[in-house]
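Hi,

Here is the structure I promised to hand over, with my notes underneath. Have a look at it first, then read on.

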Amino acid sequence: MWLPLLLAALLGAALWLLRDGQRLPASAAFVFITGCDSGFGRLLALRLDQRGFRVLAGCLTPVGAEDLQKVASSRLRATLLDVTDPQSVQQAAKWVETQVGGAGLFGLVNNAAVAGIIGPTPWLSREDFQRVLDVNTLGPIGVTLALLPLLQRARGRVVNMTSVLGRLAANGGGYCVSKFGLEAFSDSLRRDVAPFGVRVSIVGPGFFRTPMTNQDSLETTLRARWAELAPATRAHYGEAFLAKYLQVQQHIMSLICDPDLTKVTRCLEHALTARHPRTRYSPGWDARLLWLPASYLPASLVDAVLGWVLPKPAQAVC
C-alpha cells in the first residue's frame with residue numbers, strides 16, 4: 001500500500017521540479033526595480049543587467065543612482081524615486097512609459113523598504129508606524145497602481161518583497177505591520193490581475209545581512225527612542241532593560257542573519273524568468289525551518305517562547 005503512494009509522491013515531485021525549472025526564452029524585456037541604492041535591489045539590478053534585461057532602476061538618492069550606473073552596462077537606466085511621494089511616483093511612471101514605449105513593462109519588483117524602530121510597542125508613536133507603512137506598504141501599492149497599465153500591456157509580472165515577519169510578528173514596530181499589509185495586497189492583486197495575464201509573486205526572505213539589518217543602526221535608533229521616553233516610562237522598564245533587549249537582538253541577528261544575498265536575488269530572478277513562477281518564495285534557512293513553521297503553531301505557544309526570550313520590564317505585572 002505504501003509503495004504506490006511513495007512512487008506517486010516521487011513522480012509528483014519530479015514533475016514539479018521539471019515544471020519549476022522551465023524558463024522563458026531569453027529576452028531584453030524591461031524590468032523596473034525600486035530601492036536600488038543598496039542591498040537586494042542593487043544586486044538584482046546588476047544581475048538582470050548581466051543577463052540582458054533592460055533594467056530601469058529606481059533609486060532614492062543621486063549617489064545611489066550614479067554608483068549603480070558606474071558598474072552597470074549602458075542598457076541600465078536609473079531614475080530618482082521616493083515611493084512615499086505620489087508626485088515622485090507619477091514622474092517615475094511617466095519616465096518608465098517613455099522608456100518602454102509600446103512594448104510595455106514586463107517586470108516590476110517592489111523592493112524599497114525601511115526597518116523603522118524595532119522595539120517595544122509602548123515606546124512608539126503613531127508617526128513611527130506611519131513612516132514605515134508609507135514606504136513598505138503604501139509605497140508598493142502606489143507604484144504598482146501607477147505602472148499597472150504598462151504591466152497589462154506586456155502581460156508582465158509583479159514581484160513584491162515582503163518578509164517572514166509578514167507571516168509572524170516577532171517584534172514590535174511598524175515593520176511587521178507593513179509586511180502583513182503588503183502580503184494582503186499581493187494576494188488580492190494576484191487574483192484581480194490574473195485575467196489580464198499579469199502574474200504576481202511574493203518573495204518573503206528570512207533574516208539577511210543588509211543595510212536594513214545593520215545592528216549598529218538598529219541600536220542607535222532604539223537608544224535614541226529610549227532617551228526620548230518619559231522618565232516614568234524609563235523607570236517602569238528599568239535601566240537594565242534596554243541593554244538586555246539590545247543584547248538579545250544582537251544575538252539573534254548574529255545567529256541567523258545570512259550574508260549570502262544571492263539566495264534572495266535568485267528567487268527574484270526565478271519569479272521574473274520562470275515560465276511558471278511560484279506564488280511564494282521563502283529564501284533563507286530560518287524562514288523555512290523556523291519562522292514559517294512557527295507561524296502555524298498556536299499563538300499562546302509562540303507568545304510563551306518569545307516572552308521567555310525577551311527581557312521583562314522591571315515593574316512587570318506577574
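A search of the whole structure, which is a predicted model, turns up one cavity of 30 Å³ or more. Its volume is about 40 Å³. If you want to find this cavity on your screen, select the residues that line it: Phe32, Leu81, Val89, Ala92, Ala93, Val96, Val143 and Leu147. Helix α4 (86-100) gives the largest share of that lining, four residues, and both α4 and α5 supply at least two each. What classes of residue make up the lining of the largest cavity? Eight are nonpolar, with no polar and no charged residues.

Some of those names come back in the packing. A core of 27 residues, separate from the largest one, includes Val89, Ala93, Val96 and Leu108; Val89, Ala93 and Val96 are also among the residues lining the cavity.

The largest nonpolar core has 31 residues. Which of its residues have the most contacts inside it? They are Ile33, Leu48, Leu68, Leu76, Val109, Val203 and Leu268. Two or more residues of this core come from each of β1 (30-33), α2, β2, α3 (62-71), β5 (157-161) and α10. Leu76 is a good place to zoom in: setting aside its neighbours within four places in sequence, Leu76 is in contact with Ala45, Asp49, Val55, Ala57, Leu68 and Gln69.

There is open space to look at as well. The second largest pocket holds about 270 Å³ and has 17 lining residues, with Pro120, Tyr245, Leu306, Leu310 and Pro311 lying nearest its centre. Helices α9 (239-256) and α12 (299-309) are the elements that give two or more residues to this lining, and the largest share, three residues, comes from α12. By class, the lining of this pocket has ten nonpolar, five polar and two charged residues, whereas the lining of the largest cavity has no polar and no charged ones.

Now for the charged pairs. The count comes to ten salt bridges, and I picked out three for you.

The side chains of Arg51 and Glu269 form a salt bridge, with N and O 2.8 Å apart. Arg51 sits in the loop between α2 (39-50) and β2 (54-59) and Glu269 in helix α10 (residues 262-273), so this pair ties together parts that are 218 residues apart in sequence. Are these two partners buried or exposed? Arg51 is partly exposed, at 38% relative accessible area, while Glu269 is buried, at 7%.

Arg225 and Asp128 also meet through their side chains, at 2.4 Å from N to O. Arg225 lies in helix α7 (residues 215-228) and Asp128 in helix α5 (residues 126-154), so this salt bridge links parts that are 97 residues apart in sequence. Both Arg225 and Asp128 are buried.

Arg225 has another partner in Glu228, their closest N and O atoms being 2.9 Å apart. Here both residues lie in α7, three residues apart, about one turn of the helix. Glu228 is exposed, with 57% relative accessibility, whereas Arg225 is buried, at 12%. Through shared partners, salt bridges join Asp128, Arg131, Arg225 and Glu228 into one network.

Happy to go through any of this with you over a coffee.

Best wishes

Notes: Residues are numbered from 1 along each chain as its sequence is written. This is a predicted model: local features need pLDDT of at least 70, side-chain atom pairs count only at pLDDT 80 or more; totals for chains, interfaces and linings use all residues. Side-chain values use heavy atoms; hydrogens and water are left out. A salt bridge is a side-chain nitrogen of Lys or Arg within 4 Å of a carboxyl oxygen of Asp or Glu. Buried means under 20% relative accessible area, exposed over 50%, partly exposed in between (1.4 Å probe, protein chains only). On a 1 Å grid over the protein atoms alone, a cavity is a set of points where a 1.4 Å probe fits but cannot get out, and a pocket is an open set with protein on both sides within 12 Å along at least five of seven lines; lining residues have an atom within 4 Å of a point. Grid points are joined across faces, edges and corners, and a volume is the space filled by probe spheres set on the points. Ala, Val, Leu, Ile, Met, Phe, Trp, Tyr, Cys and Pro count as nonpolar, Asp, Glu, Lys and Arg as charged, and the others, Gly among them, as polar. A nonpolar core is a set of buried Ala, Val, Leu, Ile, Met, Phe, Trp, Tyr and Cys residues joined through side-chain atoms within 4.5 Å. Contact means heavy atoms within 4.5 Å.
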